[in-house]
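Reader: I would like a close look at one strand of this model and at what surrounds it. Please start with the strand itself and then work outward to the other parts.

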Amino acid sequence: MRSDPLAFLGEELESLRRQSLYRRLRVLGGEQKAHTTFDGRSVVNLSSNNYLGLTTHPRLRAAALAATEKFGVGSGSVRTIAGTMELHMELERRLATFKNVEAVVVFQSGFTANAGTVSAILTKDDIVISDELNHASIIDGCRLSRAAIKVFPHKDADGARRIIKSLPAGGRRLLITDGVFSMDGDLGPLPALCEVAEETGCIMMVDDAHASGVFGADGRGTIDHHGVHGRVDVQVGTLSKAIGALGGYVAGNRNLIDFLQHRARPFLFSTSHPPSVTAACIAALDVLTSEPEIIERLWTNTRFFKAGLGRLGFDTGPSESPITPVIAGDSATANALSDRLFAEGVFAQAIAFPTVAKDRARVRTIVTATHTLEDLQYALEMFEKVGRELNLV
Ligand SMILES: Cc1ncc(COP(=O)(O)O)c(C=O)c1O
């Protein structure tokens, strides 16, 4: 019998276990809500990106059901062949108006929006200048483009400027940052980076996945939050987090969007969203503009929870958003913190290397608009209890 050619994967997994980096998937028992069931245990859920509770909002649910009734469950093709429905066009028009740009193209996910865009607009003759903590989808897009990759220190606009000024002439340059960094919850320094891009002739790109629906007027994102409209050439947003459904989009000028529709490989070679997803996203835009109290609640909850963690003495890093990491140090301690919290009815996922640096393993908390103050107070009490057990506070 032939030996298993995939045996090396078992060895890799064993190595992950030895380093406390092997994690089992937790299974959601019901709806993705602030208080729900994972692995059969009722918990306060501090791990979802469902910032506004829209995954179960009645208007989104009704829109998805109606679209399924009317159009069926799938689109049946990639966008460029037979998979563009009037709903897809409507969502893109609505997003363009919402984001105050000429045009928008929707991708299957934020990941494919980033990776597909960077790899489409750059070639091997170009250079990308990227924050060291940018999301994996940006990194993969950069690699796929075969452009030279220059990494600048986190949030360091002067560092980015120095790198750009030291580059040889020739080729296009793309300066790229996350709007909100997903592991620390801090914000990219957009005004300073826009200045650098303008000074040095770079294309400016922002991945606003964690800002869509969270920052700016009615959740228009960090471009709106920082008041840098018209200064960011390529804006990526996601429909999978605060918007509550699935997808990513690129917002920019007409040429950019036309070009991506001809060259971005996920757009060309992967089937478009089912009608239910697209209809839910359209309904989400209605909710953002007609129920502003939801975003206000998100921020009230965020302030309450952050202040609580701070008072307890946890190291919560530089977060400015509803994402608040509780830094534990090594991965074994982060896993212990997460597991003990889970046993006490609080789900806050541990995040370790390679997602974050080896000595910055953490439990990442994400507050949503739908947590009650009692949920958050309970979670804080459990953080205090378990934090003391593990000598973190
Ligand atoms: C910063 C950032 N960009 C992009 C993405 C990808 O978004 P999506 O989940 O829609 O693929 C994520 C999500 O994990 C993210 O955190």
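Author: The strand to begin with is E4, and both of its faces are covered. On one side sit Ile-127, Ile-129 and Asp-131, on the other Val-128 and Ser-130, and all of these are buried. The model is a predicted one, and what follows should be read as a description of that prediction.

Strand E4 covers residues 127–131, and because five of its five residues are buried, the strand is largely enclosed by the rest of the structure. The cut-off behind that statement is a relative accessible area under 20%. Part of the surroundings of E4 is strand E5, residues 148–152. The two strands run parallel and are joined by five bridges. Within this pairing, Asp-131 of E4 stands opposite Phe-152 of E5. Asp-131 is also one of the buried residues named above, on the side of the strand that holds Ile-127 and Ile-129.

Strand E3, residues 103–107, can be described in similar terms. It is mostly covered, with five of its five residues buried. One side carries Ala-103, Val-105 and Phe-107, and the other carries Val-104 and Val-106; both faces are covered. The partner here is strand E9, residues 248–252, and the pairing is antiparallel, over five bridges. Val-105 of E3 has Val-250 of E9 as its bridge partner.

A further strand to consider is E8, residues 234–238, which contains Gln-235. Gln-235 has a relative accessibility of 5%, so this residue counts as buried. The side chain of Gln-235 makes a polar contact of 3.2 Å with the side chain of Lys-99.

Next comes the ligand. The space it takes is the largest pocket. Around the ligand there are 15 residues, and the closest are Asp-207, His-210, Thr-238, Ser-240 and Lys-241. Helix H4, residues 110–121, supplies the largest share of this shell, namely three residues. Three side chains can be given with distances. Asp-207 places a polar side-chain atom 2.6 Å from a nitrogen atom of the ligand. For Ser-240, an N or O atom of the side chain is 2.6 Å from an oxygen atom of the ligand. In the case of Lys-241, a polar side-chain atom lies 3.0 Å from a ligand oxygen atom. The ligand taken alone exposes 390 Å², of which the protein buries 83%.

Two open sheets remain. One has three strands in the order E1-E2-E11, with mixed pairing. Its edge strands are E1 (35–38) and E11 (346–347), each of which pairs on one side only. E1 runs antiparallel to E2, residues 41–45, and four bridges join them. Phe-38 has Arg-41 in E2 as its bridge partner.

The other open sheet also consists of three strands, ordered E10-E13-E12, and its pairing is antiparallel. Here the edge strands are E10 (323–329) and E12 (350–351), and each pairs on one side only. E10 is paired with E13, residues 361–366, in the antiparallel sense over six bridges. In that pairing Pro-325 stands opposite Arg-364 of E13.

To return to the starting point, E4 is a strand with both faces covered, joined to E5 by five bridges in a parallel arrangement.

Methods:
Residues are numbered from 1 along each chain as its sequence is written. This is a predicted model: local features need pLDDT of at least 70, side-chain atom pairs count only at pLDDT 80 or more; totals for chains, interfaces and linings use all residues. Side-chain values use heavy atoms; hydrogens and water are left out. Buried means under 20% relative accessible area, exposed over 50%, partly exposed in between (1.4 Å probe, protein chains only). Two strands pair if DSSP finds at least two bridges between them. A residue is near a molecule or strand if one of its heavy atoms lies within 4 Å of it. A polar contact is a pair of N or O atoms within 3.5 Å; within protein, one must be able to donate a hydrogen and the other to accept it, and residues adjacent in sequence count only if both atoms are side-chain atoms. Accessible areas come from the Shrake-Rupley method with a 1.4 Å probe; for residues, only the protein chains shown count as cover. On a 1 Å grid over the protein atoms alone, a cavity is a set of points where a 1.4 Å probe fits but cannot get out, and a pocket is an open set with protein on both sides within 12 Å along at least five of seven lines; lining residues have an atom within 4 Å of a point. A molecule sits in a cavity or pocket if more than half of its atoms lie within 2 Å of its grid points.
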